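Reader: I should like to learn how to read burial, a ligand shell and helix packing from a set of coordinates. May we take them in turn?

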Amino acid sequence: MSMPGNRDPFAAYICDETALDVLRPVVIELGWQPEKCNKGGLRNAVQSLSVSASPNILMVDLSESGDPLNDINALAEVCEPGTVVIAIGQVNDVRLYRDLLGSGINDYLLKPLSASVLRDSLNAAQQVFAAPRGVESDAVKRHISTAIIGTRGGVGASTLATSLAWHYSADKKMPTALLDLDVHFGTGALTLDLEPGRGLTDAIDNPSRIDGLFIERAMIRANDNLAILSAEAPINSPLMTDGAAFLQLQEEFRHAFEMTLVDLPRNMLINFPHVLNDVNIAVVVCEMTLASARDTIRVLSWLKANAGHVTPMVVANKVQAGTAEISKADFEASIERKIDVSIPLDQKAASIAAKLGKTFVDANGSSKVSGGIKQVASKIIGLGDTEGEDGAEAGGGKKSLFDLKGLMAKKDKADA
Ligand SMILES: Nc1ncnc2c1ncn2[C@@H]1O[C@H](COP(=O)(O)OP(=O)(O)O)[C@@H](O)[C@H]1O
Ligand SMILES: [Mg+2]
């Protein structure tokens, strides 16, 4: 990420007060200083940039310029390379627009300005500025994004998410990100005995600020290879977001890490179905209960209908021989596929992990639970390598004892 030290992120030179009044709030929204919105046009920009460092993004008003193209060339001479320039004017002329783009301008906005047009243009400019240029762009790195979805609260989805993240980062030395989307009650940081900080909350409040630098600053480090974004958002007000931040974060993770793990509470699927847009694998965590079987069916069918690109994997946790509500065979029959990995219940190991403030695999390296978690980890890598092929879809044929599908069909009809 190139970010030369003494350059401002943004500056504008605008001729009239009306345009400045529209611009300033947008600039503040993007986290920049409103003082950088200067009164004056292209000529003032050329003057001040000839004696100072160029900003990353420069907005210039051409309204008072008699010969915009010529003046833009003068600007180019004093601007440092890499500056992204947005021009503003009152001449609605396609030829001028094209010529300006040809001379290296990134965008041309017509007056009167609107906040939404400014916002879009500035966001696009940020992306252009952050994009790797020319030779420095390295080959596309391999990246696997996995969402861990608990079919019920308490099945151990977060335990699995933190342990997988730990295993990939500490044992496999892979650069790993853990995104804890249990925004109000997340345990991603707590499990590792860390403070969640404000990173995720800031990201949700200001999705347009999310870039490589933002995630570097906002994520908390759990070890050399593991960065976490988690929150304990205030519980006295609902989450105000359209979910854009969740996508933007995952997009940035793809560039910065090899593994992304998203701890994804099931209600997030309902509210923000597009959080899975960039996800490759969904680990559906269940336990051997009737309710969990029903919800495993529902989540799997949701995935099939709404996220066909995601390869599902079913992991049963807290499995106890003999005492389960439902036997493994019945469970598999009702969900019409095999359980990919079964992880036993181990109260003692859970309590050791909690006491040490460590993830389950870190605290109990040689336990059977850790063995199961590592099996999930290898399967994820295996699936990641065969991306595009169909995930192991097994089961089928057998009739379900509980006939949960029938139950669901009836319920769906009643709901409709
Ligand atoms: N295999 C296991 N054996 C014993 N306890 C477990 C196991 N997996 C998870 N737990 C415990 O279950 C509780 C709930 O786990 P958590 O991961 O927070 O569930 P979820 O995120 O699905 O709500 C935690 O106290 C955790 O330590
Ligand atoms: Mg959880």
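Author: Let us begin with burial. A residue is called buried if 20 or more other C-beta atoms lie within 10 Å of its own, and exposed if 12 or fewer do. Please note that this is a predicted model.

Reader: Is leucine 160 buried or exposed?

Author: Leucine 160 has 28 other C-beta atoms within 10 Å, and therefore it is buried. This leucine lies in helix α6.

Reader: Which residues is leucine 160 in contact with, leaving aside its neighbours within four places in sequence?

Author: Its contacts are Ile148, Val283, Val285, Val315, Asn317, Ile373 and Val376. In addition, the C-alpha atoms of leucine 160 and aspartate 263 are separated by 8.8 Å, although the two residues are 103 apart along the chain.

Reader: How many residues surround ligand 1, and which are the closest?

Author: The ligand is surrounded by 17 residues, the closest being Gly156, Ala157, Ser158, Thr159 and Ala350. Helix α6 provides the largest share of this shell, three residues. At least two residues each come from α6, β12 and α14. Sorted by class, the shell around ligand 1 holds nine polar, six nonpolar and two charged residues.

Reader: At what angle do helices α1 and α5 pack?

Author: Angles from 35 to 65 degrees fall in the class called oblique. Helices α1 and α5 pack at about 50°, with their axes 9 Å apart, and are therefore oblique to each other. Their crossing is right-handed.

Reader: Which residues meet where α1 and α5 pack?

Author: Val22, Leu23, Pro25 and Val26 of α1 meet Ala115, Leu118, Arg119 and Leu122 of α5. Seven residues of this contact are nonpolar, one is charged and none is polar.

Terms used:
Residues numbered from 1 in each chain as written. Chains lettered and ligands numbered in written order. Predicted model: local features only at pLDDT ≥ 70, side-chain atom pairs only at ≥ 80, totals over all residues. Near = placed C-beta within 6 Å. Helix = DSSP H or I, 4+ residues; strand = E, 2+ residues; numbered from the N terminus. Nonpolar A, V, L, I, M, F, W, Y, C, P; charged D, E, K, R; others polar. Contact = placed C-beta atoms within 7 Å. Axes fitted to C-alpha atoms, helices over the stretch in contact; angles between N-to-C directions. Parallel < 35°, antiparallel > 145°, perpendicular 65-115°, else oblique. Left-handed = near helix turned anticlockwise from the far one by under 90°.
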